[in-house]
Every structure is written in C-alpha cells, then in structure tokens.
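These are my notebook entries on a single chain. I set out to look up its overall form first and then a few chosen residues.

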Amino acid sequence: MGYDDFIDAMAGRVDALPPQRRAAVFWLAGTALRAGLSDSEAAGGGSWFDEASRLSVSFIVEGRVGDNLRMVWEHASADSGPDASQLFHSVTICLSSPLVIAIEPEKRVGAWIEHALFPVIQKVSLDLFGDIAFPGDDELEQVFADDRVQAAANYCAAICARLTGSSRLDRETLDEMLEGAGVLGGP
C-alpha cells in the first residue's frame, strides 16, 4: 500500500470512530509527538498544550465540553511563529483536533492523521535524500516504505483498531495506548 492509499484508508478508519474515540486518536498522536519537542518549543506552546490536552482528555473520557474549549481551539496557532518546526506544527494540529471534534462531532477530520506522520517523514526524507519529500514527489513512496515510517503508520493503525473495540476508554487506557508511540517522532 502506498502513502496516499494509506492516508485514505486511515482517514476512513478514523472518521468511522465515534467522536470521543476519534478525538483519542489525535490526542494520542499529539501527546506522543509533544515529547520530542525541543525545550524552547515545548516552553513556547506549554500552557496552550497543557490546556488543550486537559480539555481533550475531559472530552474523550467523560464527554465533557469545557466552557473555554472554543477559545483554546481558536488560539491553536497563536504561539507558533515563522520559525516553528514541523514537529511543533504537527503537535499543534494533533492536539487541537480533539477540540474541533468536541465542537463539531460530525466533522470528518480523519485525513488530518497525516500530520502525525509528518515529523517521521521529514526525518527519513532528510536521511535518505537530504531534502523533504512531499505528497506528489516520487521520493515519498521510498520514504513511506522505510521501516521507521512503517512503524509510525503501524502504530496509528493499531490505535485505530484498539479504539474500534467497545472497551471502556479511561485515562489509564489512554496512557497504556501511548506505549510505543515514540515511533511517531522517528528514532
């Protein structure tokens, strides 16, 4: 399966999940990616990341939509500047996605899962070609075939499969699902 087909298939799987579980996919990705931020980037988005994460978990686990959820979502990109890394942007998109889902539960955001893969794609692209491969580039298929990108893709597929089940979704389960998520940042 090529990159575009994988993203299409994942988008369908994510969008088929109920809203709280759909939000969990993005919270898991954003939380995992956040661990790889530099100290300065982590500090730059720190309070927003913390609040977005808190509101997301509240929605995922309890179905609650906080009073300030829309305000936090609207400030999603306020802390990023022109020099922000791809990783920072991916964290921001992944952690803001559960907020969008809480605001508009019917919104189809499955294709946004691509942002969870961008940091490892960037890393592998630079390793292989000294440049970044983008959708439409011939090199992207080579990058997607790399074991590091495949490990990240497999992690995303595995969390979708686990979230498809009817088991209870609580904070402990979310924390368990973070095991192995480091592959999203690439080794």
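The entries below go from the whole chain to individual positions.

**Entry 1: the model and its secondary structure.** I note at the outset that this is a predicted model. I looked up the secondary structure and found 9 helices and 0 strands. Reading along the sequence, I recorded the pattern α-α-α-α-α-α-α-α-α.

**Entry 2: overall dimensions.** I compared the radius of gyration with the value for a compact globule: for 187 residues that value would be near 16 Å, and the chain, at 16 Å, agrees with it. Along the principal axes, I found that the C-alpha atoms fill a box of roughly 45 × 35 × 25 Å. I then examined how far apart in sequence the contacting residues are. Of the contacts between residues at least 6 apart in sequence, 74% join residues at least 24 apart.

**Entry 3: surface and charge.** I recorded an accessible surface of about 8,900 Å² for the chain, with 50% of it belonging to carbon and sulfur atoms. I counted the charged side chains as 14 positive and 29 negative. The centres of these two sets lie 10 Å apart.

**Entry 4: the interior.** I found that 46% of the 187 residues are buried. In soluble globular proteins, nonpolar side chains tend to be buried together. I therefore looked up the largest nonpolar core, which has 62 residues. Those with the most contacts inside this core are Met10, Val25, Leu28, Trp48, Leu117, Leu163 and Leu184. I followed one of them, Met10, and leaving out residues up to four places away in sequence, I listed its contacts as Ile113, Cys156, Ala157 and Cys160.

**Entry 5: alanine 157.** From Met10 I moved to its partner Ala157, which I located in helix H8, residues 147-164. Its relative accessibility is 18%; the cut-off for buried is under 20%, so Ala157 counts as buried. Beyond residues up to four places away in sequence, Ala157 touches Met10 and Arg13. I also recorded its separation from serine 58: 99 residues in sequence and 24 Å in space, C-alpha to C-alpha.

**Entry 6: phenylalanine 144 and phenylalanine 6.** I asked which residues Phe144 is in contact with, leaving aside neighbours within four places in sequence. I found Met1, Gly2, Tyr3, Phe6, Val149, Gln150 and Ala153. Phe144 sits in helix H7, residues 139-145, and its relative accessibility of 4% is why I class it as buried. Its C-alpha lies 6.1 Å from that of Tyr3, although the two residues are 141 apart in sequence.

I then turned to Phe6, which belongs to helix H1, residues 3-16. Phe6 also counts as buried, with 10% relative accessibility. Its contacts, with neighbours within four places again left aside, are Met1, Leu117, Phe144 and Ala153. Phe6 and Phe144 are 138 residues apart along the chain, and I noted 9.6 Å between their C-alpha atoms. Met1 and Ala153 appear in the contact lists of both phenylalanines.

**Entry 7: serine 56.** Is this serine buried or exposed? I found it buried, at 1% relative accessibility. Ser56 is in helix H3, residues 39-62. Apart from neighbours within four places in sequence, Ser56 is in contact with Trp27, Leu95, Pro98 and Leu99.

Note on methods: Residues are numbered from 1 along each chain as its sequence is written. This is a predicted model: local features need pLDDT of at least 70, side-chain atom pairs count only at pLDDT 80 or more; totals for chains, interfaces and linings use all residues. Side-chain values use heavy atoms; hydrogens and water are left out. Helices (H or I, at least four residues) and strands (E, at least two) are DSSP runs, numbered from the N terminus. The radius of gyration is taken over C-alpha atoms; the globule rule is 2.2 Å times the number of residues to the power 0.38. Buried means under 20% relative accessible area, exposed over 50%, partly exposed in between (1.4 Å probe, protein chains only). Contact means heavy atoms within 4.5 Å. Accessible areas come from the Shrake-Rupley method with a 1.4 Å probe; for residues, only the protein chains shown count as cover. Lys and Arg count as positive and Asp and Glu as negative; His and the chain ends are not counted. The place of a charge is taken as NZ of Lys, CZ of Arg, CG of Asp or CD of Glu. A nonpolar core is a set of buried Ala, Val, Leu, Ile, Met, Phe, Trp, Tyr and Cys residues joined through side-chain atoms within 4.5 Å.
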